[in-house]
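Here is a note to read slowly, with the model open beside it. Please find each residue as it is named, and look at its surroundings before moving to the next point.

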Amino acid sequence: MRTEAPFRHGTPQKTAVLLVNLGTPDAPDTPSLRRYLREFLSDPRVVEIPRLVWWMILNLFILPFRPKKSAAKYATVWTEAGSPLLAIGHQQVARVCEGFKDRRWEVKVELAMRYGNPSVASKMDELRAAGYDRVLVFPLYPQYAAATTASVMDAVFQWAAPVRNLPELRFVKHYHDHPAYIHALADSVLTHWRAKGRPNFDGGDVLLMSFHGVPEFALLKGDPYHCECHKTGRLLAEALGLEKSNYRVTFQSRFGKAKWLEPYTDATLKALGQAGTKRIDVICPGFLADCLETLEEINQEGREDFLHAGGGEFHYIACLNDSDGAAAMLTEIVAQHLQGWPVDMGYEDAMAAELAASRRLALAMGARDGQST
């Protein structure tokens, strides 16, 4: 067990929110991708193959070759601010902080990545060192999956294992059907249509909703991800007033030879192109921030698949990113999960007398400041 930091009696309690996204390499180069992929693909939540077998596959067949290819793809989406996912994540933190100020809340907001930097453990260490003893962990995945949301929880629990005096912890499990999330998605689509024109759904145009895929066996073993993706799709379609024939729900980013959730996004794009579809609009509701999977896989590779197959117009609708809708949605969901925790500005002042009395009593009993207990 770790030795606790020195404690001062009468210290007010403080609340923090830790937003967590999937992760990103430190740079779009082969060494960075090798480190990132090793961490990511070593997670037993991500790859459910016997460890010894997978260790051999990972180290003998994947890590020697895939990092270079992945680095080339990351280079196509890298920005002056660095990784899109990380840069947008910091912008989302800033927007949530603005929402808290409007509510006059004293809440710290930080960003972590499940894989890569800044790590969950490093951010939890920082919060504990700064005296934050209530932490809401918010995995930014709208739909729950063991390979994503549960893995974030694993990272927090692994950090917590050697900690003697744990902070009070809460988790956001999912928000796939939250009204604020659906409203933000619908507004982003309508904003795009106001700028680019509404598709001619009577003429066969399609809104395609592409979610990240998972192996089919995850569904068969009880993972709710597939159902939550379809519910998001249905609710978004209803909010937009679409008929069932106007949209598709598909799954992207499959890896390996196992069967993944179908229909596949790439196959659907090719089929729609071959059918002569005049326009397709693509949105990725499972991603809160644009990243490699949306900017390169969908807006570059997916676009090419559709156009090369004979399709007409291809429109990519950006993720919510740091939009007003995203900020309002994140703030509202956090507010619901913080209920019961005192976070209003001035709370510490109101508690000052009680805290001072508690400190006097502790010192009278022989407690000393600067001790670990």
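1. Please begin with Pro 84, which has its place in helix H4, a helix of residues 84–102. The structure is a predicted model, and the values in this note should be read with that in mind. Is Pro 84 buried or exposed? Its relative accessibility is 7%, and because buried means under 20%, Pro 84 counts as buried. Leaving aside neighbours within four places in sequence, Pro 84 is in contact with Val 77, Trp 78, Thr 79, Asp 290 and Leu 295. It is also worth finding Ala 289, since Pro 84 and Ala 289 are 205 residues apart in sequence and yet 8.0 Å apart in space, taken from C-alpha to C-alpha.

2. The next point concerns an annotation, and it should be read with care. Under "binding site", an unreviewed UniProt entry lists His 212 and Glu 293. The two are spread over 82 residues of sequence, but they cluster in space, with a largest C-alpha distance of 8.2 Å.

3. Taking these two residues in turn, His 212 is found in strand S5, which covers residues 206–212, while Glu 293 has its place in helix H11, which covers residues 292–295. His 212 is partly exposed, with a relative accessible area of 28%, whereas Glu 293 counts as buried at 18% relative accessibility. The cut-off deserves attention here: buried means under 20% and exposed means over 50%, with partly exposed in between.

4. What surrounds the two annotated residues? Apart from neighbours within four places in sequence, His 212 is in contact with Tyr 225, Phe 251, Gln 252, Ser 253, Phe 287 and Glu 293. Glu 293, with residues up to four places away again not counted, touches His 212, Gln 252, Ser 253, Phe 287 and Ile 298. Reading the two lists side by side, you will find that Gln 252, Ser 253 and Phe 287 appear in both.

5. Phe 287 also leads to the next feature, for it is one of the residues that line the largest cavity. How many cavities of 30 Å³ or more does a search of the whole structure find? The search finds 1, and about 30 Å³ of space lies in the largest cavity. Its lining consists of Leu 185, Ser 188, Ile 283, Cys 284, Pro 285, Phe 287, Ala 318, Cys 319 and Leu 320. By class, this lining has 8 nonpolar residues, 1 polar residue and no charged residues.

6. Helix packing can be followed in one pair, helix H10 (residues 265–274) and helix H12 (residues 297–308), which pack at an angle of about 40° with their axes 7 Å apart. On the side of H10 the residues that take part are Thr 265, Asp 266, Leu 269, Lys 270, Leu 272 and Gly 273, and they meet Ile 298, Gly 302, Asp 305 and Phe 306 in H12. By class, this contact has 4 nonpolar, 3 polar and 3 charged residues.

7. Two threonines in helices are worth comparing with the surroundings of Pro 84. Thr 268 is placed in H10 and is buried, with a relative accessible area of 12%; not counting residues up to four places away, it touches Leu 208, Thr 250 and Pro 263. Thr 149 is found in helix H6, residues 149–160, and counts as buried at 0% relative accessibility. Its contacts, with residues up to four places away not counted, are Pro 139, Tyr 141, Gln 143, Tyr 144, Val 172 and Lys 173.

8. Finally, please check some details of the backbone. The peptide bond from Glu 262 to Pro 263 is cis, with omega near 0°, and Pro 263 has its place in the loop between strand S6 (247–252) and H10. The bond from Asn 117 to Pro 118 is cis as well, with omega near -5°, and Pro 118 lies in the loop between strand S2 (107–116) and helix H5 (120–129). Arg 104, in the loop between H4 and S2, has a phi near 60°, a positive value in a residue other than glycine, and counts as exposed at 53% relative accessibility. Asn 321, which is not a glycine either, has a positive phi of about 50°, but Asn 321 is buried, with a relative accessible area of 12%.

Conventions
Residues numbered from 1 in each chain as written. Predicted model: local features only at pLDDT ≥ 70, side-chain atom pairs only at ≥ 80, totals over all residues. Heavy atoms only, no water. Axes fitted to C-alpha atoms, helices over the stretch in contact; angles between N-to-C directions. Helix = DSSP H or I, 4+ residues; strand = E, 2+ residues; numbered from the N terminus. Contact = heavy atoms within 4.5 Å. Nonpolar A, V, L, I, M, F, W, Y, C, P; charged D, E, K, R; others polar. 1 Å grid on protein atoms, 1.4 Å probe; cavity = no way out; pocket = protein on both sides within 12 Å on 5 of 7 lines; lining within 4 Å. Points joined across faces, edges and corners; volume = space filled by probe spheres on them. UniProt positions renumbered as here; feature names shortened; annotations may be inferred. Buried < 20%, exposed > 50% of the residue type's maximum accessible area, 1.4 Å probe, protein only.
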